[in-house]
Amino acid sequence: MAANVYFTREITPEAVVKLYHALGIELPGKVAVKVHSGEKGNQNFLRPEFWKPMVEEVQGTIVECNTAYGDAAGGVRDHTDAHRKLLEEHGWTAYFDVDLMDAEGPDVVWPIPNGKILRENHVGKNIVQYDSMLVLAHFKGHPAGGYGGALKQLAIGCASRAGKALIHSAGKTDDRFKTWELHADSEAFPEAMADAASSVMEHFRGKIAFINVMKNLSVDCDCCVVAEDPCMKDIGILSSLDPVAIDQACIDLVLRSDDPGKEHFMERVNSRNGIHTIEAAAALGYGSRQYQLVEL
C-alpha cells in the first residue's frame with residue numbers, strides 16, 4: 001500500500017511544524033526526539049534553533065547515543081563526558097532537555113528474529129523510558145551508508161556505542177576498537193542497518209513519525225568533522241509515518257532535480273549501495289517504497 005509523504009519547498013522552523021501536523025498524528029506520552037546533534041567541527045548539521053518550534057510542539061526530549069568512533073576519526077562523541085560537552089557547545093542543552101541514552105549501561109538488547117544480518121540490536125537503555133518517537137532527520141550523503149535519512153536515524157542513531165559497532169561490522173563484533181578493521185560488503189552493511197531499524201520501528205509501532213529536511217545537501221554526514229560543502233541547492237521538507245517511503249521520496253526528489261550537483265550526490269549514494277538500505281527495509285515489511293507525494 002502506498003504511503004503518504006507530505007512535501008513543502010519552504011524550509012523554515014514553522015514549515016517543519018506544518019508538515020508534522022499534516023500527518024494527523026498526536027504522539028502520546030513522553031516523546032523522544034531523535035536528531036543528529038553534529039560532530040565537533042561539522043558545518044552542515046541543522047542547529048537547535050531550527051528544530052526548536054517542532055520539539056516544543058511535542059514537548060519532546062532530545063535523544064542521542066555515543067558513537068563507535070573517536071580519536072582516529074577526529075570525533076569526540078564516543079565518550080560521554082566529551083559528548084555532553086559538545087551538546088552544550090552546539091546549543092542543544094540551552095533549549096531542550098537532552099538524554100544521552102547510553103551514557104550509563106547496560107544497553108537494551110532487542111531481538112531481530114527475521115533479520116537478514118543481525119539477530120539483535122543494542123540500543124541506549126533509556127529508550128524504554130519513552131512512549132513515542134519523533135525522528136528528525138537531516139537528509140544528506142554519508143561516507144559509509146551512501147546517504148543518511150530516516151532509516152539511518154532509526155538504526156545507527158538509536159544504537160548504543162556497542163550497537164553502532166555491531167551494525168558497522170555487519171554483525172561481526174560489538175567492540176568499537178575492532179569495528180573499523182572490518183569492512184562490511186556492499187550488501188551486508190545496508191542490510192544490517194535495515195535490520196536494526198526494524199527493531200526500533202517494532203518498539204514504537206503506531207507511535208512514531210518522521211521528518212526529513214533536504215537542506216545543506218553535502219555528500220558527507222553530520223558525523224564528519226570536516227564535511228564537504230553542499231553540492232546541491234536545498235530542496236524542501238518531507239514528513240511521513242513510513243521511514244522507507246520518506247527516504248525513497250528524498251532519493252527520487254534528488255533524481256528529478258535539474259541541479260547539476262545531483263550527479264556528485266548520487267555517485268556517493270550509489271557507490272556505497274545506499275539504496276539497498278531502502279530495499280532491505282521494504283523487504284522486512286515495515287515500510288513501502290510506494291508512496292503518494294502530497295505537496296503542501
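# Notebook: a walk through a predicted model

I began with K34, which counts as buried because its relative accessibility is 1%, below the 20% limit for that class. A reminder to myself: this is a predicted model.

**Entry 1: around K34**

I looked up where K34 sits and found it in strand 2, residues 31-34. Next I asked which side chain makes a polar contact with the side chain of K34. The partner is Q153, and the distance is 3.1 Å. Then I listed what K34 touches, leaving out residues up to four places away in sequence. I noted V63 and E64, then L134, V135 and L136, and finally Q153, G157 and C158. Q153 and G157 are both among the buried residues of helix 5, and that helix became my next stop.

**Entry 2: helix 5**

How many of the residues of helix 5 are buried? I counted eight of the eight, so helix 5 is largely enclosed by the rest of the structure. For the record, these are A150, L151, K152, Q153, L154, A155, I156 and G157.

**Entry 3: helix 5 against helix 8**

Two packed helices are described by the angle between their axes and the distance between the axes. I looked up both values for helix 5 (residues 150-157) and helix 8 (residues 188-203): the axes come within 7 Å and cross at roughly 80°. That makes helix 5 roughly perpendicular to helix 8, because angles of 65 to 115 degrees fall in that class.

Which residues meet here? On the helix 5 side I wrote down L151, L154, A155 and I156. On the helix 8 side I have F189, M193, A196, A197, V200 and M201. Sorted by class, this contact has 10 nonpolar residues, with no polar and no charged ones.

**Entry 4: helix 5 against helix 6**

I repeated the lookup for helix 6, residues 161-168. Its axis and that of helix 5 come within 9 Å and cross at roughly 120°. Helix 5 and helix 6 are therefore oblique to each other.

From helix 5, the contact uses A155, I156 and G157; from helix 6, it uses K164, I167 and H168. By class I noted three nonpolar, two polar and one charged residues in the contact of helix 5 with helix 6. A155 and I156 also appear in my list for the contact with helix 8.

**Entry 5: N121**

N121 lies in strand 6, residues 120-123. Is N121 buried or exposed? N121 is buried, with a relative accessible area of 1%.

I checked the contacts of N121, leaving aside neighbours within four places in sequence. The list holds V108, V109, W110 and I112, along with A159, I167, A196, S199 and V200. A polar atom of the N121 side chain lies 3.3 Å from the backbone oxygen of A196. I also looked at A192: N121 and A192 are 71 residues apart in sequence, yet their C-alpha atoms are 9.5 Å apart in space.

**Entry 6: T277 and helix 11**

I found T277 in helix 11, residues 275-284. T277 is buried, with a relative accessible area of 2%. Apart from neighbours within four places in sequence, T277 is in contact with L151, P190, M193 and A194. L151 and M193 were already in my notes, on the two sides of the contact between helix 5 and helix 8. I also compared T277 with E187: they are 90 residues apart in sequence and 8.4 Å apart in space, C-alpha to C-alpha.

The buried residues of helix 11 are I275, H276, T277, I278, A280 and A281. What covers them? The cover includes strand 9 (146-148), helix 5, helix 8, helix 9 (243-256) and helix 10 (262-271). After helix 11 comes G285, and its phi is positive, near 90°.

**Entry 7: aromatic pairs**

A pair of aromatic rings is described by the distance of the centres and the angle of the planes. How many aromatic pairs does a search of the whole structure find? It finds five, and I wrote up two of them.

One of them is F50 with W51, an edge-to-face pair with 5.1 Å centre to centre and 75° between the planes. F50 is buried at 12% relative accessible area, and W51 is buried at 2%.

Another is Y95 with F96, a tilted pair with 6.0 Å centre to centre and 45° between the planes. Y95 counts as partly exposed at 35% relative accessibility, whereas F96 is buried at 7%. Together with W92, Y95 and F96 form one aromatic cluster.

Note on methods: Residues numbered from 1 in each chain as written. Predicted model: local features only at pLDDT ≥ 70, side-chain atom pairs only at ≥ 80, totals over all residues. Heavy atoms only, no water. Axes fitted to C-alpha atoms, helices over the stretch in contact; angles between N-to-C directions. Helix = DSSP H or I, 4+ residues; strand = E, 2+ residues; numbered from the N terminus. Parallel < 35°, antiparallel > 145°, perpendicular 65-115°, else oblique. Contact = heavy atoms within 4.5 Å. Nonpolar A, V, L, I, M, F, W, Y, C, P; charged D, E, K, R; others polar. Buried < 20%, exposed > 50% of the residue type's maximum accessible area, 1.4 Å probe, protein only. Polar contact = N/O pair within 3.5 Å; in protein donor to acceptor, adjacent residues only side chain to side chain. Phe/Tyr/Trp six-rings, centres within 6.5 Å; stacked < 30°, edge-to-face > 60°.
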